[in-house]
Structures are given as C-alpha cells and as structure tokens.
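Trainee: I would like to go through this protein by question and answer. Please keep it brisk.

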Amino acid sequence: MQWSFPIAKVAGSEIRIHVTFFLLLLWIGIASFQSGGGAAATEGVLFIIAVFACVVLHELGHAMAARRYGIKTPSITLLPIGGVAQLERMPERPSEEVVVAIAGPLVNVVIAAVLIAILGAFPNLATVANIENPQPGFLSRLAVVNIILVLFNLIPAFPMDGGRVLRALLAMKFNRVRATAIAATIGQITSFIFGFLGLLTGNVLLIFVAIFVYMAATGESQATSFQAIASKVSVRKGMITHYDALGSASTLGDAVEALLRTTQHEFPVIDGGGNLRGVLTRSAMVQALQQHDRSYPVHEVMARDIPLVPDTAMLDAAFKLLQSGGSVPAVGVTDREGRLVGYVTSENIGELMMVNEAAKA
C-alpha cells in the first residue's frame, strides 16, 4: 500500500503504518490538549496507540488462522479507520473462510475478557457514551473498544468479518460469485448508512469508513467475478504477446529507449535462452535514473522472482498470482521448454474482462 512504511515483522507479517495514521494521532492530541492540557493530550494519544495495538492483534488473528490453511499474510497496514491484513488469498472452502474471518473478532473477545477480569467488573454502559472521556479509566475504555470492535466487525456486510462469514454461509447454497455479490451488496448498502450517519453527526471518520467499505465491497465483488470468468479463459487469450524485451546485459539507457518507442509499462528481462530473469517496471526505471546514470545495468533494479505459468494453464492461474499480495508486476507465461512466450498483468486482465462484459451487454 502506497504511503506506508514498515515498523516491525511479526509471525512472518510485515506491520506497516500509513502516513495518514499520524494525522489521526495529531488530531487526537490537539483535541485532547484543548480540552485538558498536556496530560490529557498524552493520555489521548497513548489510548489511540493502545486501541491500534488491539487492531494489530485482531489482524494477526486472521493471519494465524490463514496460515493454518497454507495462506501467508505478507503485510498488515494500519490506517486511521483500522487495520488491513493483506492475505495472499482467501480460502475457497466456506468452512475455512469462516475460521479465518472469525479469528480476528475472537482475539478482541479474549482481550476484552482479560481486561474485564483485571477490572473485576464489566465496564459501565455509560463508558460507551463517554469513550473519549478519560474519567471512566484507561482499561475500562479499552475493554469497551474491544467489545465495539467485535460487534462492528460482525456486522454481516462485506468487507467486515461478519460479511465474510455471510459470504461463506451463502457459498454453501450458491456459487462463490453469487454469494460474494449478495454480501457485497449488503456491504454497499451498509456503507450508505454509515455515510448518512457520518454526514448527520458531522463524524468525518465515519464518512471515511463508509467510503472504504463501499470501495472494498465493490472491489471484492469485481475480483471474484473476474476470477470466475478467468477460470474459463486460456492464458493464451489473455497474455501479452507483442512486447519489447530487455536482455540480461541491458542498461537503463536501453530501457529508456524502449520506454520511449513503446507504450509498455513493464519490460521483461530475458537471457540468451529466452528465459525470464525479471521485469523492469516504468516506476523502478524512473527511480533508478534519479540515482544512477544510463549505463547502470537493469538487472540491478528489476523485480526478480517473477511467478510463471505454463501456456497450457487457464487465465485464473495468473490472476491468482497477481492477487496473491506483495508487488508482483507481472506473471510470465512459458512454453514447454520454459522460454517466455508472453506475460500477464493486472491491467490487461482488467481490459479482457471489460471487453467480455461489454460483449455480453
């Protein structure tokens, strides 16, 4: 995710913070200082940090459950509206998706239970209404926040955890595309409700949540539909076959010339035997030119370990690799001898799906 940077690595997952998260801390700090001075500002910022520590544990719950099914979680990014765990993929079996989805809220249940045990009593319901007021106590408010996180995430609307559980249950009766469409529609309706409440109360954060929920629900529905279509299309029909490639000994100067004479955004780097060694993206090229001259070798700045699929595969095999997390710029397509015969990008898959949808209309 752009504009984020890593701060730690836990259980194989890189914990990242989006720069906008610090705007939230600044906002809380200023608001608390105006109402109670320096001590209140410090307490307010520490409370938000504690809340987001619980959010990280929530996302790690998803990650640990996904690992049980062989699914990695390359990164977890903290945003002002919460955390986003970037799983390589979601489990396709409904029962497994339920386990992964419910694991996060269960972590918050455990945290709330521990805090309540420490407090020796269930937090007063008035704490919910005064969650920004330091009077009820730090631990008491934190317990309530975790209860709220459980209830909010279990709303049966995509992309909340409850929506994923709903999608899994629906998938037991309908196909995955139909199940996702229903859960996503409920998510979109929920986003309009959040947006309306945000406008009604002047809650900017709730408006941002509404936008995020709508975009995530729409994106998941489209991605699932794309994958269903791609499973019926040969990778040969979706791959790029006319392209300029760079050699293993090519320089940034060679790459610049190729960039200017083509409309490509990425350039395969192949050896003398026609084997793919990496992919040089336009952004990586521009960044490298800011630090090196044109004689610098492209193999020093190209993306390596590019995944490959055989030309006999279906397009969904490449689509899954592109959606598996990380920053894979392309998937190479090889013949029986392992030589590169084409490549697939998210952009050209999107164009193929767009054409297919238009042809149906």
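Here follow questions on salt bridges, cores, a pocket and backbone angles.

Mentor: This is a predicted model, in which local features need pLDDT of at least 70, side-chain atom pairs count only at pLDDT 80 or more, and totals for chains, interfaces and linings use all residues. Residues are numbered from 1 along each chain as its sequence is written, and side-chain values use heavy atoms, with hydrogens and water left out.

Trainee: How many salt bridges does a search of the whole structure find?

Mentor: Side chains of opposite charge can pair when their charged atoms come close. Here a salt bridge is a side-chain nitrogen of Lys or Arg within 4 Å of a carboxyl oxygen of Asp or Glu. Searching the whole structure gives a total of 11.

Trainee: Which parts does the pair Asp244 and Arg261 tie together, and how many residues apart are they in sequence?

Mentor: Asp244 and Arg261 form a salt bridge, with their closest N and O atoms 2.8 Å apart. Helices (H or I, at least four residues) and strands (E, at least two) are DSSP runs, numbered from the N terminus. Asp244 sits in the loop between α8 (235-238) and β5 (246-247), and Arg261 in helix α9 (residues 252-261), so the parts tied together are apart in sequence by 17 residues.

Trainee: Is Asp271 buried or exposed?

Mentor: Buried means under 20% relative accessible area, exposed over 50%, and partly exposed in between (1.4 Å probe, protein chains only). Asp271 meets Arg277 in a salt bridge of 2.6 Å, N to O. Arg277 is partly exposed at 46%. Asp271 has 17% relative accessibility, so it counts as buried.

Trainee: Which residues do salt bridges that share partners join into one network?

Mentor: Take another pair before that: Glu337 and Arg339 form a salt bridge, with closest N and O atoms 3.3 Å apart. Glu337 is exposed at 55%, and Arg339 is partly exposed at 40%. The network built through shared partners consists of Glu97, Arg167, Arg176 and Glu220.

Trainee: Which element gives the largest share of the largest nonpolar core?

Mentor: A nonpolar core is a set of buried Ala, Val, Leu, Ile, Met, Phe, Trp, Tyr and Cys residues joined through side-chain atoms within 4.5 Å. The largest has 24 residues, and those touching the most other members are Phe21, Leu24, Ile48, Val51, Phe52, Leu78 and Leu142. At least two residues each come from β2, α1, β3 (75-79), α2 (94-119) and α4 (138-153). The largest share, 13 residues, belongs to α1.

Trainee: How many residues of the lining of the second largest pocket are charged?

Mentor: On a 1 Å grid over the protein atoms alone, a pocket is an open set of points where a 1.4 Å probe fits, with protein on both sides within 12 Å along at least five of seven lines; lining residues have an atom within 4 Å of a point. This one is lined by 14 residues, with Thr20, Pro80, Ile81, Leu205 and Phe208 nearest its centre. Six come from α7, the largest share. With Ala, Val, Leu, Ile, Met, Phe, Trp, Tyr, Cys and Pro as nonpolar, Asp, Glu, Lys and Arg as charged, and the others, Gly among them, as polar, the lining has 12 nonpolar, two polar and charged: no residues.

Trainee: What is the phi of Asp305?

Mentor: Asp305 lies in the loop between α10 (282-289) and β8 (308-310). Asp305 is exposed, at 75%. Although Asp305 is not a glycine, its phi is positive, at about 50°.
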